[in-house]
Amino acid sequence: MSPRLTLINRDYTRLWIGQAVSSLGDAVFSTTLVLWVATVLAKEKTWAPAAVSGVLLATGAAVLFVGPLAGVFVDRWDKIATMLRSEVVRGVLVVTLTTVSFLPVHALPVGLWLALVYATVLTLNAASQFFTPARFAVIADLVTGDADRARAAGIAQATSQTAWIVGPPLAAPLLFTAGLQWALLFNALSYAVSYLAIRSIRPLPSRAPAATGPDTAPEHAASRTGGLLGEFTAGLRFFARSRFLVALVLLAVIGQFGLGALSTLNIFFATDNLHMSAHLYGYIGTAMGLGGIVGALCAGRVVQRIGARRTTWIGLLVSGALLIAYSRQTGFIGGIAVLFLFTVPLTMLNTAMAPLLLAAAAPEYRGRVVAVFYPVTQLASMLAAVLSGWLASSVLRDIAGSAGSLRFGPIDTIFAVSGLFVVASGVYAWRALPGTEAAESPPGDTSAALKPPATLRGRTE
């Protein structure tokens with residue numbers, strides 16, 4: 001009988017402990033840097049927004065440019081060792097920045113401070129591109145079955161959401177009372193705790209890296225020829241030949257184009273359409289965080305009852321409908337309530353996609369599959385944010401109209417169209433993803449990934 005404090009199994013619990021502490025440290029770290037750049041380095045400067053956006057651009061650059069190639073190395077290396085090295089690199093980087101931050105701000109030019117911040121953020125997130133696919137592969141070994149994998153993904157999502165609810169309120173007091181150095185040190189210590197938790201995971205033969213000698217299995221050898229570029233190309237070919245993986249990434253891209261507008265324009269919608277004061281905007285983040293926690297914790301049971309595929313397409317349809325409903329809100333309470341409800345199915349579908357992705361990724365390609373999937377969706381999210389901002393400030397800036405008692409403006413129109421995009425991705429998922437029986441392969445069976453099932457040609461219940 002498992003101990004009461006065990007999540008799924010002991011080794012997964014240890015991995016989760018590392019993630020929980022590290023996620024909290026990252027939330028404090030990210031919030032602290034944004035606050036410090038905005039309120040100290042660029043205080044009352046006209047270029048302050050650009051300086052803050054540089055932190056976000058550094059994060060995106062690491063995902064887009066380092067992520068795809070990182071997957072090749074993750075597939076070559078031992079996954080646990082890769083995670084441990086990543087934590088060491090991240091810890092050393094944060095300790096270095098912490099040491100430099102003990103200098104008075106005026107001791108270095110503002111440009112140099114910003115360069116240090118951007119370089120640290122870029123390198124930290126570059127290391128994360130090795131950590132994330134390695135963790136994905138380890139979870140595939142630790143947790144089997146769609147229901148447990150969805151549960152694991154739900155726990156991870158709930159943990160991340162909780163970290164971003166708890167972390168930012170901790171960051172401000174740490175920065176303004178204890179100082180930047182102690183907020184940074186908190187993150188460095190979180191990497192140390194994560195390192196110890198990961199190191200305590202018991203090594204299993206199934207997690208050993210694929211052989212590269214003369215006895216290598218043909219499918220492993222095929223994925224390890226031609227050097228770095230050859231292995232990267234082999235990963236792309238594997239991804240492109242799997243209709244299942246292509247369907248997953250396409251519906252994720254369509255969904256991101258629908259949801260990207262929300263993160264970019266929601267502050268303007270809240271103040272203009274919901275008529276709320278800007279200082280209440282934090283409640284929107286809290287509502288979405290709580291909705292994410294509820295959705296993540298319920299996802300495992302829902303997937304167990306109706307399957308990962310149905311959870312995905314139903315979640316997209318419901319999320320899209322609720323986003324359209326949100327676009328019609330005109331009051332603070334109604335807006336907060338709809339956003340909470342919107343985040344629940346959104347998180348559930350994100351959680352349900354994890355076992356689908358795990359089932360489709362052959363073990364020797366897992367690192368490269370993740371290293372293609374997440375950068376592509378990240379790029380779609382960034383393009384959606386840029387496109388929605390451009391539309392709201394130029395083409396649709398002066399749009400105004402009404403239909404009966406309904407009034408339309410630029411931002412609520414963009415949100416309504418975004419909701420339609422999400423609904424469209426749900427319809428696509430309903431038609432394109434395989435039926436539950438095809439998707440749920442036995443542990444270790446990669447035939448569904450290597451040979452797309454016939455159900456991909458059309459809808460099958």
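Tutor: Happy to go through this predicted model with you. Let's fix one term before we begin: a residue is called buried when its relative accessible area is under 20%, exposed when that value is over 50%, and partly exposed in between.

Student: Thanks! Is R90 buried or exposed?

Tutor: The cut-off for the buried class is under 20% relative accessible area. R90 has a value of 4%, so it falls in that class. The answer for R90 is therefore: buried.

Student: Which residue does R90 meet in a salt bridge?

Tutor: In general, side chains of opposite charge can pair when their charged atoms come close. The nitrogen-to-oxygen distance for this pair is 2.4 Å, and the two residues sit three apart in helix α3 (residues 79-101), separated by about one helical turn. The partner is itself buried, at 2% relative accessible area. Its name is E87.

Student: How many residues apart in sequence are the parts that E231 and R76 tie together?

Tutor: The side chains of E231 and R76 meet in a salt bridge, 3.0 Å from N to O. E231 belongs to helix α8, while R76 belongs to helix α2 (residues 48-76). E231 is buried at 5%, whereas R76 is partly exposed at 28%. The parts joined by this pair are apart in sequence by 155 residues.

Student: Where does R328, the salt-bridge partner of D412, lie?

Tutor: The closest N and O atoms of D412 and R328 are 3.5 Å apart. The two residues are 84 apart in sequence and link distant parts of the chain, with D412 in helix α14. D412 counts as buried at 6%, and R328 is partly exposed at 27%. As for its place, R328 lies in the loop between α11 and α12.

Student: How many salt bridges does the count come to?

Tutor: The pairs we have discussed include E231 with R76 and R90 with E87. A pair enters the count when a side-chain nitrogen of Lys or Arg is within 4 Å of a carboxyl oxygen of Asp or Glu. By that rule the count is five.

Student: Let's turn to the interior. Which element gives the largest share of the largest nonpolar core?

Tutor: That core has 57 residues, and L248, Y326, F342, V369, F373, F415 and L433 touch the most other members. Among the elements that give two or more residues to it are α4 (110-142), α9 (243-272), α12 (332-360) and α13 (366-395). The largest share is 13 residues, and it comes from α9.

Student: Leaving aside neighbours within four places in sequence, which residues is F415 in contact with?

Tutor: F415 is one of the core residues that touch the most other members. Helix α14 (410-432) is listed among the elements that give two or more residues to this core. With neighbours within four places in sequence left aside, the contacts of F415 are A261, L262, L265, N266, F269, L323, Y326 and S327.

Student: And at the surface, which residues make the nonpolar patch of about 190 Å²?

Tutor: One member, V318, is found in helix α11. V318 is partly exposed at 36% relative accessibility, and patch residues need over 30%, so V318 passes that cut-off. The patch is made by I306, I314 and V318.

Student: To finish, what percentage of the residues in the chain is buried?

Tutor: The chain has 16 helices and two strands, and its accessible surface is about 20,800 Å², 67% of it belonging to carbon and sulfur atoms. Of the 461 residues, the buried ones make up 49%.

How values were computed:
Residues are numbered from 1 along each chain as its sequence is written. This is a predicted model: local features need pLDDT of at least 70, side-chain atom pairs count only at pLDDT 80 or more; totals for chains, interfaces and linings use all residues. Side-chain values use heavy atoms; hydrogens and water are left out. A nonpolar core is a set of buried Ala, Val, Leu, Ile, Met, Phe, Trp, Tyr and Cys residues joined through side-chain atoms within 4.5 Å. Buried means under 20% relative accessible area, exposed over 50%, partly exposed in between (1.4 Å probe, protein chains only). Helices (H or I, at least four residues) and strands (E, at least two) are DSSP runs, numbered from the N terminus. Contact means heavy atoms within 4.5 Å. Accessible areas come from the Shrake-Rupley method with a 1.4 Å probe; for residues, only the protein chains shown count as cover. Patches are made of residues with over 30% relative accessible area and no salt bridge: like charges are joined within 9 Å, nonpolar side chains (Val, Leu, Ile, Met, Phe, Trp, Tyr) within 5 Å.
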